[in-house]
Amino acid sequence: MSIQSPPTLLELAGRSLLSNKSRAILDLEDLPIELFPPLFVEAFSRGHTEVLKKMVQTWPFTCLPLGTLMRQPQPEMLRVALDGLDMLLAQQDRPRRWKLQVLDLRMVPRNFWRTWSGAVMDACSPEDIKNNRTLKLDPAMAAKLPLKIFIDLCLTEGPMDEFLTHLFLWVTQRRDRLHLCCSRLKILWKPTRHTRKVLRLLQLDSVQKVEVHCTWVHSTLAACAPFLGQMRNLRKLLVSEVRLPAHTSPEEQEWLLSQLTSQFLRMDCLRKFYVHAVLLLEGHLEQVLGHLKTPLETLSITKCPLSDTDWNYLSRCPNTSQLRRLDLRYIKLTNFSPEPLKILLETVAATLNRLDLEACEIAESQLQAILPALSRCSQLRILCLFRNGISMSVLRDMLCHTARLSQLSIELYPAPLESYDAQGAIHQERCSQLCAELTALLKDFRQPKVLVFCTVPCPQCGSMFLYNQGLNHCFCPTTA
């Protein structure tokens with residue numbers, strides 16, 4: 001039987017004040033600053049809308065993280081907050097405590113309230129709140145700054161929900177007095193005219209992360225590409241499964257790509273670039289990466305066809321010289337020379353901490369060619385080679401090369417080819433024995449933290465056998 005913690009004195013004081021709503025509204029101007037967060041949480045949970053409106057107007061901090069209190073979008077609570085802001089913006093004389101500059105509607109983890117205000121778990125003292133969480137602005141100066149509203153957006157082909165509809169209408173009518181900011185933006189399916197209308201509302205230099213999963217045609221790309229160029233503070237760009245209509249000619253593809261890559265020249269902060277299942281990339285990697293202005297920390301190219309020219313450019317690209325993460329999952333390497341990857345690993349040996357070559361069909365000769373370079377990646381923490389066909393002897397050689405990498409904490413290797421019988425079925429006992437030998441070999445040099453060997457999927461159930469200090473297997477009745 002669990003015992004609930006008794007309410008704190010601050011929570012009790014807030015409940016007492018809310019028991020008389022009219023008194024609570026009158027007392028807000030003189031309310032101790034440390035009582036505001038617990039009182040707001042209490043009023044929010046109990047639906048005291050009039051008290052909430054007044055609290056928005058007298059909020060003594062620069063940021064009101066309203067989104068963290070919502071488990072899902074709540075149109076009614078949004079209306080209450082926006083009504084409070086309307087009343088505030090309409091006042092000639094602002095409240096003496098007025099410091100609110102940001103209404104944050106992002107649904108970030110709830111511990112934000114705990115650590116930010118100390119209201120829920122006493123994470124901060126009242127003195128910390130006063131000294132560190134308020135901006136030293138008088139109301140006159142604060143009134144001249146535009147109010148910022150932060151939200152994360154996911155734009156789809158479907159109609160918007162009531163929450164976003166009301167917010168966008170409210171923002172449209174007050175664009176001269178506020179900025180609508182969005183740190184994370186997702187665009188799913190085909191961008192529409194409505195998508196462009198929303199993008200025009202946003203303060204685009206506030207966008208830091210963008211994900212695009214959609215089908216492009218000439219008109220939508222020509223209209224949307226300039227918006228991307230205005231996201232000057234963009235740090236992460238993910239482009240996934242972008243498809244073109246089947247009738248698109250090579251000339252049209254070149255034009256579409258140039259429209260997109262020309263916007264990269266305006267991005268000074270891009271550090272993480274992810275491309276997944278984009279057929280248009282083949283033969284154009286230099287055009288894409290060459291337009292980037294700054295070195296990347298993360299380069300992820302997965303499930304994309306690459307040409308020899310693309311592959312050779314990887315090691316010559318100046319923007320890949322400081323990579324911390326390189327992800328080439330499902331890029332078929334069998335017919336490529338290992339030299340570009342070897343050169344790239346040598347270049348990033350002092351910075352690379354994650355390398356993912358899952359399901360690359362890398363040949364053993366290619367793997368052996370890059371092992372000396374891999375062994376010099378002193379900061380490597382995560383290494384994945386799942387779903388590649390590698391023999392016991394080559395796995396031994398690889399573990400000997402990586403044994404001195406003291407930072408390596410997660411190692412994911414394929415089970416040796418000798419684990420399978422002539423028909424390709426897994427032999428459990430043999431697999432367990434071979435993986436145990438490899439584990440013991442590595443332990444002669446260092447104690448591995450996470451070391452996993454994985455087979456190909458079972459042809460019957462699709463599950464994989466995993467060896468991690470013991471063999472976990474699927475439960476098909478015919479497994480050996």
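These legends describe close-up views of a predicted model.

**View 1. Gln57 in helix 4.**
Helix 4 covers residues 49-58, and Gln57 lies within this helix. Gln57 has a relative accessibility of 6%; because buried means under 20%, Gln57 counts as buried. Its side chain makes a polar contact with the backbone oxygen of Lys53, at 3.3 Å.

**View 2. Strand 14 and its surroundings.**
Strand 14 is made of residues 410-414. Four of these five residues are buried, so strand 14 is largely enclosed by the rest of the structure.

**View 3. Strand 13 beside strand 14.**
Strand 13 spans residues 382-384 and pairs with strand 14. The pairing is parallel and has three bridges. Cys384 has Leu412 of strand 14 as its bridge partner. Between strand 13 and strand 14 the chain passes through helix 17, residues 392-402. This β-α-β crossover is right-handed.

**View 4. Strand 14 beside strand 15.**
Strand 15 consists of residues 450-454 and runs parallel to strand 14. Five bridges join the two strands. Here Leu412 has Val452 of strand 15 as its bridge partner. Helix 18, residues 428-443, belongs with strand 14 and strand 15 to a β-α-β unit, and this unit is right-handed.

**View 5. Leu412 and its bridge partners.**
Leu412 is the bridge partner of Cys384, and Val452 in strand 15 is the bridge partner of Leu412. Strand 14 thus appears in two pairings: with strand 13 over three bridges, and with strand 15 over five bridges.

Notes. Residues are numbered from 1 along each chain as its sequence is written. This is a predicted model: local features need pLDDT of at least 70, side-chain atom pairs count only at pLDDT 80 or more; totals for chains, interfaces and linings use all residues. Side-chain values use heavy atoms; hydrogens and water are left out. Helices (H or I, at least four residues) and strands (E, at least two) are DSSP runs, numbered from the N terminus. Buried means under 20% relative accessible area, exposed over 50%, partly exposed in between (1.4 Å probe, protein chains only). A polar contact is a pair of N or O atoms within 3.5 Å; within protein, one must be able to donate a hydrogen and the other to accept it, and residues adjacent in sequence count only if both atoms are side-chain atoms. Two strands pair if DSSP finds at least two bridges between them. A crossover is right-handed if, with the strands pointing away from the viewer, the path from the first strand over the helix to the second runs clockwise.
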